[in-house]
Structures are given as structure tokens and as C-alpha cells.
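Here is a short report on one protein chain. It takes up charge, fold, core, confidence and backbone in turn.

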Amino acid sequence: MANLREAQKRMTRRLLLESGLELFKAKGYAATTVDDIATAAGTTRVTFYAYFSSRSELMKALIDERLNEALQRVRSTEHGSTAQDLVATVADGTPEAIMAWLRRTADNWPVIRPIIRIGRDAAVIDPELTDLVERWLEEAIGDIEDGLTAAGRFEPHQRRFRGVLAMAQLDFVAQNWDRADWKLTRDQMLDELGASWVRLLT
């Protein structure tokens, strides 16, 4: 019986997260209320507050859980979250490893992109969420720095900034690829991005 209750709680929480994400995508963060999310999840405002103290807490959970899940990031004492495969890829440093990681990441863009866009929109409206996405990107930059450190490449003062440059490129391309007219195919775009990462990180 206790196991069934726990499963129902997990299901309700998941429904609230999914409903929030879909409404944020459709209506925007500013126009979506707690009541909207609760109704879409088939529950009540009271139930919403049993799981999340506010709309902004639900947004934080989307970044912390959904985004990290999509990118296989796990909790880390050093960075908040870490992607061991990114650390290992950067430490490896071969063009093949870097290209393979970028292709896997690009396959997840349809999941990643809306959460990051909503997070940035939410940060404009909700002071609690200021720099939420940027803090998350800092964690990925830390992974690149760790990979460069493990490989012993570059001077210590160069490693973090090279991570900043690499993640800035990836973030911009990921956020704009579907609406930009860059006159190249997806494979060509990934080849160019990969070549740039190889130059930056090896």
C-alpha cells in the first residue's frame, strides 16, 4: 500500500512537471498560473502546493531534473551537476570523441531547447530565477574545465575560459538552429561546430 502511494505521488509530481512545461511552451511563463498547471495535470491548486511552493520552484525542478536527465547530468559536489561523459570526452580530446558527444547532444535539442528558452523567459519575470540557466551552463563549463585539467591541456587560467567559449557556441547554435537560415545542413553545422570545439579544446 505504501509503495502504491509513493508511485502515485511520483506520478502526480511528474504530471505537474509535464503540464507546466507544456503550458510554459504554449502560453509562456508569464501567462501560466498555478491553477492552469494544476487543472492541466488533472488535480487542484492545493495538490500543486503539496509538491511545489511556487511556479518558480516548478521551473527550477524542470532545469534541475528534466534538463539534467536529458543530458545525463548527475549531482556533483563540485559543480551542482556534472556530465561524466562530457568530462571524459574533453579529456580524450580526439575529434571523433568530440563529434560523437556533440551529435548525441544535438539529438536532445528538441527536449533541451524549450526548457532553456522558458528558463530565460522566466528569469526576466521572476527574480527568484535570475541567472538560473546561466548557473546551469556554468556547471557544464566546469565539466569542460575538469576534462582539460585531467588531460593536462592548456594553462590553468585558460581552461575555464575555453569552456566558456565552447559552451557559448553550443548554446547559441542549439537555441537558434531551428529558426536560423545559416545555409548549411544539420550535418555540416555539426561538423563546423565540432571543428571549432576541437580547435578550442585540444
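The chain carries 27 positive and 31 negative side chains. The centres of these two sets lie 3 Å apart. This is a predicted model. About 10,600 Å² of the chain is accessible surface, and carbon and sulfur atoms own 54% of that area.

**Fold**

Ten helices and two strands make up the elements of the chain. Their order along the sequence is α-α-α-α-β-β-α-α-α-α-α-α. Four helices precede the two strands, and six follow them. Along the principal axes, the C-alpha atoms fill a box of roughly 55 × 40 × 30 Å. Take the contacts with a sequence separation of 6 or more: 66% of them join residues 24 or more positions apart.

**Core**

The chain has 202 residues, and 45% of them count as buried. In soluble globular proteins, nonpolar side chains tend to be buried together. Here the largest nonpolar core has 55 residues. Leu58, Met59, Trp109, Ile144 and Trp197 have the most contacts inside it. Helix α8, residues 132–151, gives the most to this core: eight residues.

Which residues does Trp197 touch, leaving aside neighbours within four places in sequence? The set is Leu86, Ile98, Trp101, Leu102, Ile144, Ala166, Met167, Gln169 and Leu170. One of these partners, Ile144, is also among the residues with the most contacts inside the core.

**Confidence**

Mean pLDDT for the chain is 90. A value of 70 or more is reached by 94% of the residues. Among the elements, helix α10 (residues 186–201) has the highest mean, 97. Strand β2 (residues 80–82) has the lowest, 62.

**Backbone**

Most residues other than glycine have a negative phi. Phe154 and Lys183 have positive values instead. The table sets them side by side.

| Residue | Phi | Loop | Relative accessibility |
|---|---|---|---|
| Phe154 | near 70° | between α8 and α9 | 22%, partly exposed |
| Lys183 | near 60° | between α9 and α10 | 69%, exposed |

Why does Phe154 count as partly exposed? Its relative accessibility is 22%, and buried would require a value under 20%. Lys183 counts as exposed because its 69% is over the 50% cut-off. Helix α9, residues 156–176, follows the loop that holds Phe154. Lys183 sits in the loop between α9 and α10.

Definitions and conventions. Residues numbered from 1 in each chain as written. Predicted model: local features only at pLDDT ≥ 70, side-chain atom pairs only at ≥ 80, totals over all residues. Heavy atoms only, no water. Buried < 20%, exposed > 50% of the residue type's maximum accessible area, 1.4 Å probe, protein only. Contact = heavy atoms within 4.5 Å. Areas by Shrake-Rupley, 256 points an atom, 1.4 Å probe, with all protein chains shown as cover. Lys, Arg positive; Asp, Glu negative; His and termini not counted. Charge placed at Lys NZ, Arg CZ, Asp CG, Glu CD. Core = buried A, V, L, I, M, F, W, Y, C linked by side-chain atoms within 4.5 Å. pLDDT = per-residue confidence, 0-100.
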